[in-house]
Every structure is written in structure tokens, then in C-alpha cells.
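Please open the structure in your viewer and keep the sequence panel visible. The tour below proceeds by selection: at each stop, select what is named and then read what is there.

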Amino acid sequence: RLTALADWSFGGGDRYCAACQGPCPDCPQILNAPQTHEGWQVWDLVSRLGGQMRVLPGSVIGWDMTAALTLGRALGISPLAIAELLPPIEAVMVRRVNEQIAQQAD
């Protein structure tokens, strides 16, 4: 669920919603919303990690996991939940952001 939400979100979900005329019953953001408290906490953490990326020239390689764990701990999120849920979301983010970088380079 969270990886599907990440794929939608990092793949341009905001552009998808801009075309909607109102609440969409098939909205990926609603259909793939976290179902557990821990899921919501980690998804909130994801939204706070924008400036915590590890980058190389021309590509993103991931989030700074030390910063993610520190921020998560400060927010009261279980380190186990972060360790379990964040890496698959990170993989989707890296793929989608690098796709966007490649498109801009063309």
C-alpha cells in the first residue's frame, strides 16, 4: 500500500489530482492511504524528508537514513516501523525522482 502511494505521489500524483473535478472515488491517494497508525506516522515522516536526500551529480541515491531515524525518533515513531516501512518507499522515491531528472535532461 505505501509503495503504491509513494509511486503515485512521487510519480506526479499532484498533476493527477489537478485534473479532478472533486472527490474521486478511484483516487490512488485514498485507495492506497495507510491503514495503520504506524503507516500514517511513516508516511508523515516521508513528507518531512524532502531535504534529507543523498545525491550524486544527476541522480538521487536515497534518503539520509540517519537523519530519517533521528527525525522519526523526535516525532515518537517506532524505529522498528521506520526500519520496516521506509526502505521500500525510499526505493520507489529514488526510481521516480531519477525518472524525472532523466526527463528534464532530455
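**Stop 1: Asn32**

Select Asn32, which is found in the loop between helix H3 (28-31) and H4. Is Asn32 buried or exposed? Its relative accessible area is 18%, and a residue under 20% counts as buried, so Asn32 is buried. Now display its surroundings: leaving out residues up to four places away in sequence, Asn32 touches Arg1, Ala4 and Leu5.

**Stop 2: colouring by confidence**

Before going further, please note that this is a predicted model. Colour the chain by pLDDT, the predictor's confidence in each residue. The average over the chain is 92, and 100% of the residues score at least 70. Which element of the chain has the lowest mean pLDDT? That element is helix H2 (residues 13-18), with a mean of 76, whereas helix H4 (residues 37-48) has the highest, 97. Where pLDDT is low, the predicted coordinates should not be read in detail.

**Stop 3: helix H1 and the residue after it**

Select helix H1 (2-10). Within H1, the residues Leu2, Leu5, Ala6, Trp8 and Phe10 are buried. Show the elements that cover these buried residues; they include H2, H3, H4, E2 and H6. Then move to Gly12, just after H1, where phi is positive, at about 105°.

**Stop 4: helix H4**

Select helix H4 and place a distance label between its end C-alpha atoms. Why does the distance of 17 Å agree with what is expected for H4? H4 has twelve residues, and at 1.5 Å a residue these should span 16 Å; the end C-alpha atoms are 17 Å apart, which agrees.

Next, show the side chains. Gly39, Gln41, Val42, Trp43, Leu45 and Val46 of H4 are buried. The buried residues of this helix pack against helix H1 (2-10), strand E2 (59-63), helix H5 (65-74) and helix H6 (79-105).

**Stop 5: Val46**

Stay in helix H4 and select Val46. With a relative accessible area of 6%, Val46 is buried. Which residues are in contact with Val46, apart from neighbours within four places in sequence? They are Phe10, Trp63, Leu86 and Ile89. Add Ala68 to the selection as well: Val46 and Ala68 are 22 residues apart in sequence, and their C-alpha atoms are 8.5 Å apart in space.

**Stop 6: helix H6 and its partners**

Select helix H6 and show its partners one at a time. Two packed helices are described by the angle between their axes and the distance between the axes.

*H4 with H6.* The two axes come within 10 Å and cross at roughly 55°. That angle makes H4 oblique to H6. H4 passes H6 in a right-handed crossing. On the H4 side, the contact is made by Glu38, Gly39, Val42, Trp43, Leu45 and Val46; on the H6 side, by Ala81, Ile82, Leu85, Leu86 and Ile89.

*H1 with H6.* The axes of H1 and H6 are 9 Å apart, and the helices pack at an angle of about 25°. H1 and H6 are therefore roughly parallel to each other. Their crossing is right-handed. H1 contributes Leu2, Thr3, Ala6, Asp7 and Phe10 to the contact, and the residues from H6 include Leu85, Pro88, Ile89, Val92 and Met93.

*H5 with H6.* Here the axes come within 11 Å and cross at roughly 135°. This makes H5 oblique to H6. H5 also passes H6 in a right-handed crossing. Met65, Ala68, Leu69 and Gly72 in H5 meet Pro79, Ile82, Leu86, Pro87 and Glu90 in H6.

**Stop 7: two glutamates in helix H6**

Select Glu90, which lies in helix H6. Its relative accessibility is 12%, and Glu90 therefore counts as buried. Neighbours within four places in sequence aside, Glu90 is in contact with Arg54, Gly62, Trp63 and Met65.

Finally, select Glu84, which lies in helix H6. Is Glu84 buried or exposed? Glu84 is exposed, because its relative accessible area is 56% and the cut-off for exposed is over 50%. To end the tour, add Arg95, eleven residues along the chain from Glu84: the C-alpha atoms of Glu84 and Arg95 are separated by 19 Å.

Definitions and conventions:
Residues are numbered from 1 along each chain as its sequence is written. This is a predicted model: local features need pLDDT of at least 70, side-chain atom pairs count only at pLDDT 80 or more; totals for chains, interfaces and linings use all residues. Side-chain values use heavy atoms; hydrogens and water are left out. pLDDT is the predictor's confidence in each residue, from 0 to 100. Helices (H or I, at least four residues) and strands (E, at least two) are DSSP runs, numbered from the N terminus. The expected span of a helix is 1.5 Å times one less than its number of residues. Buried means under 20% relative accessible area, exposed over 50%, partly exposed in between (1.4 Å probe, protein chains only). Contact means heavy atoms within 4.5 Å. Axes are lines fitted to C-alpha atoms, for helices over the stretch in contact, and angles run from 0 to 180 degrees between N-to-C directions. Angles under 35 degrees count as roughly parallel, over 145 as roughly antiparallel, 65 to 115 as roughly perpendicular and the rest as oblique. A crossing is left-handed if the near helix is turned anticlockwise from the far one by less than a right angle, and right-handed if clockwise.
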